[in-house]
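Q: Please take one part of this model and look at it closely, beginning with how its packing is described. I would then like to know what else can be said about the rest of the chain.

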Amino acid sequence: MRDNKKLFDKISKRLDLLAKLPACKEDKKDIYEELSKKGIDRRDFVKWAGMMTATLALPASFAPLTAKAAEVANRLPVIWLHMAECTGCSESLLRTEDPSIDSIIFDVINLEYHETIMAAAGYQAEQNLENAIKKHQGNYILMVEGGIPTIEYYLTIGAHGKTGAQACRDAAENAAAIFAIGTCSSFGGVQAAYPNPTAAEPLSKIITKPVINVPGCPPSEKNIVGNVLYFIMFGALPALDAFNRPKWAYGNRIHDLCERRGHFDAGEFVQHFGDENAQKGFCLYKVGCKGPYTFNNCSKLRFNSHTSWPIQAGHGCIGCSEPNFWDTMSPFEEPLGNKLYHTAFNGFGADKTADTAGMVILSATAIGIAAHALISSVAKNK
Ligand code: FSX
Ligand code: SF4
Ligand code: F3S
């Protein structure tokens, strides 16, 4: 308890100092004004701060600090670069049709450069990026969305034909913290899927500074905003797992917190999409769910303002936040155990070495899970 109090006071002091700084832009928005424009009152905001505090694995008594961090978010400059991707990560956050509190906070943050939503274009846009890097030297957060092709003609930007990789290096040099947003930027994702014609790489292979990975195709808006709030509060990086993902978000497997888990344990499986068991909400393992091998908090946070998530909607998890997703996790509607079997007995040829390497790591878990599915089904049928 005493440690919590010390930490509370430390964060509180930091936020007070930040509050004394001027907002990055004179016309910068105030969070309460923006919320009330969207019909969100203080009570909703307090509720949101409580939920976000729990999401960040902080004590419930820290909720006022989370709220304060959101209030001072307009002191934080962010530069967001787009590489090779579908812009799903941006859309997950902005949700322009029905903005959530998370997206409003992102609006309040001083988004100095974001190609999808900024007004500037052409030379002016390039100039804005250079100016933002100079003006906020050492203080801005860099967020990169998308995989980075390393065959240069696949991604060049602007009048001088700078490569995407070079744009990342230039922006990373003076950044205070660097986040790879989405699986493409974190691990290569679908951009780096076999046969990877553009030789796409994750951000961490392009720059030499530490990168915090926020994977998911796309990641939930809370995992993006949560990282920003964490950085505002602590001014430091969160605890990370072996793949540089924040543990507060990627510390549990989908399977551990899945609402269908009781059915898995009882050997109750959907055998085909649309069957009677699907209507009963049984476990999706046999139609390919990769929840047992995937670390993410989708079941807790869900998507679209906490409305639903893949497994609730009736499809298995496709493992979208794991390294080597797409290759390792496909085919999406077959259990991973089947693929291991085919790899072991039929062979895929030397081109597939990357897949196989990923699968060796997964195989012990996969075999255990497959064995459980088989044994529990047999027990149930008896
Ligand atoms: Fe798309 Fe982002 Fe997937 Fe990739 O998301 S949702 S392809 S992770 O980079 O835009
Ligand atoms: Fe849930 Fe998939 Fe695990 Fe079944 S296999 S309990 S659907 S995560
Ligand atoms: Fe992705 Fe699986 Fe969540 S597919 S969105 S990690 S449920």
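A: For the packing described here, an axis is a line fitted to C-alpha atoms, for helices over the stretch in contact, and an angle runs from 0 to 180 degrees between N-to-C directions. Two packed helices are described by the angle between their axes and the distance between the axes. The model is a predicted one, and the part chosen is helix 10, which spans residues 221–234.

Helix 3, residues 42–55, has an axis that comes within 11 Å of the axis of helix 10, and the two cross at roughly 85°. Angles of 65 to 115 degrees count as roughly perpendicular, so helix 3 is roughly perpendicular to helix 10. On the side of helix 3 the contact is made by W48, M51 and M52, while helix 10 contributes K222, V225, G226 and L229. Sorted by class, this contact of helix 3 with helix 10 holds 5 nonpolar residues, 1 polar and 1 charged.

Helix 4, residues 63–71, also packs against helix 10, with the axes 9 Å apart and an angle of about 100°. That angle makes helix 4 roughly perpendicular to helix 10. Here L65, T66, A69 and A70 of helix 4 meet L229, I232 and M233 of helix 10, and the contact has 6 nonpolar residues, 1 polar and no charged ones. L229 of helix 10 takes part in both contacts, with helix 3 and with helix 4.

The approach to helix 10 along the chain has a feature of its own, since P218 lies in the loop between strand 9 (212–214) and helix 10, and a cis peptide bond with omega of about 5° joins C217 to P218. A cis peptide bond also joins Y194 and P195, again with omega of about 5°, and P195 is placed in the loop between helix 9 (183–187) and strand 8 (200–201).

Away from helix 10, A84 is found in the loop between strand 1 (77–82) and helix 5 (88–94). Although A84 and T198 are 114 residues apart in sequence, their C-alpha atoms are 9.6 Å apart in space. With neighbours within four places in sequence left aside, A84 is in contact with G146, G147, P149, L155, C184 and Q191.

Two of the ligands can be described through their surroundings. Ligand 2 sits in the largest cavity and is surrounded by 13 residues, of which H255, C258, C283, L284 and C289 are the closest; by class, its shell has 9 nonpolar, 2 polar and 2 charged residues. The residues around ligand 3 include I254, C298, F303, W309, P310, C317 and C320, and its shell divides into 8 nonpolar and 4 polar residues, with no charged ones. C298 is among the residues around ligand 3, and helix 14 covers residues 298–301, after which S305 lies in the loop that leads to helix 15 (310–313). S305 has a positive phi of about 55°, although it is not a glycine.

Note on methods
Residues numbered from 1 in each chain as written. Chains lettered and ligands numbered in written order. Predicted model: local features only at pLDDT ≥ 70, side-chain atom pairs only at ≥ 80, totals over all residues. Heavy atoms only, no water. Helix = DSSP H or I, 4+ residues; strand = E, 2+ residues; numbered from the N terminus. Parallel < 35°, antiparallel > 145°, perpendicular 65-115°, else oblique. Contact = heavy atoms within 4.5 Å. Nonpolar A, V, L, I, M, F, W, Y, C, P; charged D, E, K, R; others polar. Near = heavy atom within 4 Å. 1 Å grid on protein atoms, 1.4 Å probe; cavity = no way out; pocket = protein on both sides within 12 Å on 5 of 7 lines; lining within 4 Å. Sits in = over half its atoms within 2 Å of the grid points.
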